[in-house]
Amino acid sequence: MKHADSTTAPSADGVWEDLRLAPGLFRDDRPLAEHEAASLVVQGGVLRWVGPSSALPLDYAGLARHAGGGLLATPGLVDCHTHLVYGGQRAGEFAMRLAGASYEEISRAGGGIVSSVRATRAASEDELFAAALPRLSALLDEGVCAIEIKSGYGLALEHERKQLRVARRLGRALGVTVRTTFLGAHALPPEYAGRSQDYVDLVCSEMLPALAAEGLVDAVDVFCERIAFSLAETEQVFQAAQKLGIPVKLHAEQLSDMGGARLAARHGALSCDHIEHLSQDGVDAMRAAGTVAVLLPGAYYTLRDTHLPPIEALRAAGVPMAVSTDHNPGTSPALSLLLMANMACTLFRLTVPEALAGITTHAARALGLSETHGLIAAGRPANFVLWNLREAAELAYWFGHNPARTIVRQGRIVKGA
Ligand code: NIG
Ligand code: FE
């Protein structure tokens, strides 16, 4: 596969004419009627103007023209929860689960996250980069323009550093916005068996400060669960993050209701993710704190979970819902964000507009990127996708199909030039 590289691709500067903007995912400078042909103006890699083609200001009339061909335009997609950098894969566990073993049983028997930790520790930075590159390219080829990448398969300073450095390097190499999240508290490393508190102390007093000082940490996450870290341990990590002024997020209430969402909300978390077992209390706390609910239907599907996240309660409370791949080798080896939008509708009963906001606007918010990503609007870096589709609903309707015809990422035409 050719890795679309926005650092060398042709510039997108000029007027993009004859587009149809997906409803709800743009902010116009001149009012745009439904079905009216729209234009976007890009200058210096930045969106300057959005509105009806018929109202294009004269100042832009002399710019280069890009024919939009009546295609449907959306903002670049945002994948706000991934564990993209790791060694090996876990198809063997997939087979074990098919034979009846549960995720928790496999984890308690020394498989699960810890088996990816072994493979990640054994891999060099270059090997991790080479393994992650085609995965990232697959996501980008469908229009992802910003992505979160977590650590959490190193579980020791040098190996967590290696993962986060690879995440940064991927962003530079492919010209895509990467937000790094330190997930040192993902699982207890085997050498700390029975010494959970000692490991959490290490995460808080050594690993996090060192990695933050190297500029490798945009956010901090914890896996708060019976098979991972307790509420008290989670709070300790959050306090360490807060001391450094780094925002937090949480793997919360995936397998049981630990009260993690309430705690995260109290710490002003950007997002609570998974949340299949979220209580009404948790919903209320998230609403009050403005915390985004990140739904991960790929993990729900892979684990053949049957406990649905409380969508109706989140909707009623007005909690913004994002949708992400949760790409990871154990519970969601997913490389299509559009498929996740489809699953969010089919499995979780999101409406199509909710699913589309979930992979754009609300996902950007879950990463603290509300001002720059997830919406077509003047003043933002030019990140948008033109789709070979008649209506926006088709984005969530087709699956196993990539209708992205043209992709502009960071002001460059990385696909369909
Ligand atoms: O988001 N829930 C915890 N972490 C990952 C799974 C990681 C793994 O199994 O390797 C998740 O689903
Ligand atoms: Fe995850």
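Visitor: At what angle do helix α5 and helix α6 pack, and how far apart are their axes?

Guide: This is a predicted model, and in it α5 (residues 157–174) packs against α6 (residues 196–213) at an angle of about 35°, with the axes 10 Å apart.

Visitor: Which hand does the crossing of α5 and α6 have, and what makes it so?

Guide: α5 passes α6 in a right-handed crossing. That name goes with a near helix turned clockwise from the far one.

Visitor: Which residues in α5 and α6 meet, and what counts as contact?

Guide: On the α5 side you've got Leu157, Glu160, Arg161 and Leu164, and they meet Met207, Ala210 and Leu211 in α6. Contact here takes heavy atoms within 4.5 Å. Sorted by kind, the residues of this contact come out as five nonpolar, two charged and no polar.

Visitor: Why is the pairing of Tyr153 with ligand 1 called a polar contact?

Guide: The cut-off for a pair of N or O atoms is 3.5 Å, and an oxygen atom of ligand 1 sits 2.6 Å from an N or O atom in the Tyr153 side chain, so the pair qualifies. Asp326 passes too, because its polar side-chain atom lies 2.8 Å from a ligand oxygen atom. With Gln254, a nitrogen atom of ligand 1 is the partner, at 2.9 Å.

Visitor: How much of ligand 1's accessible area does the protein cover?

Guide: 100% of the 330 Å² that ligand 1 has on its own.

How values were computed:
Residues are numbered from 1 along each chain as its sequence is written. Chains are lettered from A and ligands numbered from 1 in the order in which they are written. This is a predicted model: local features need pLDDT of at least 70, side-chain atom pairs count only at pLDDT 80 or more; totals for chains, interfaces and linings use all residues. Side-chain values use heavy atoms; hydrogens and water are left out. Axes are lines fitted to C-alpha atoms, for helices over the stretch in contact, and angles run from 0 to 180 degrees between N-to-C directions. Helices (H or I, at least four residues) and strands (E, at least two) are DSSP runs, numbered from the N terminus. Ala, Val, Leu, Ile, Met, Phe, Trp, Tyr, Cys and Pro count as nonpolar, Asp, Glu, Lys and Arg as charged, and the others, Gly among them, as polar. A polar contact is a pair of N or O atoms within 3.5 Å; within protein, one must be able to donate a hydrogen and the other to accept it, and residues adjacent in sequence count only if both atoms are side-chain atoms. Accessible areas come from the Shrake-Rupley method with a 1.4 Å probe; for residues, only the protein chains shown count as cover.
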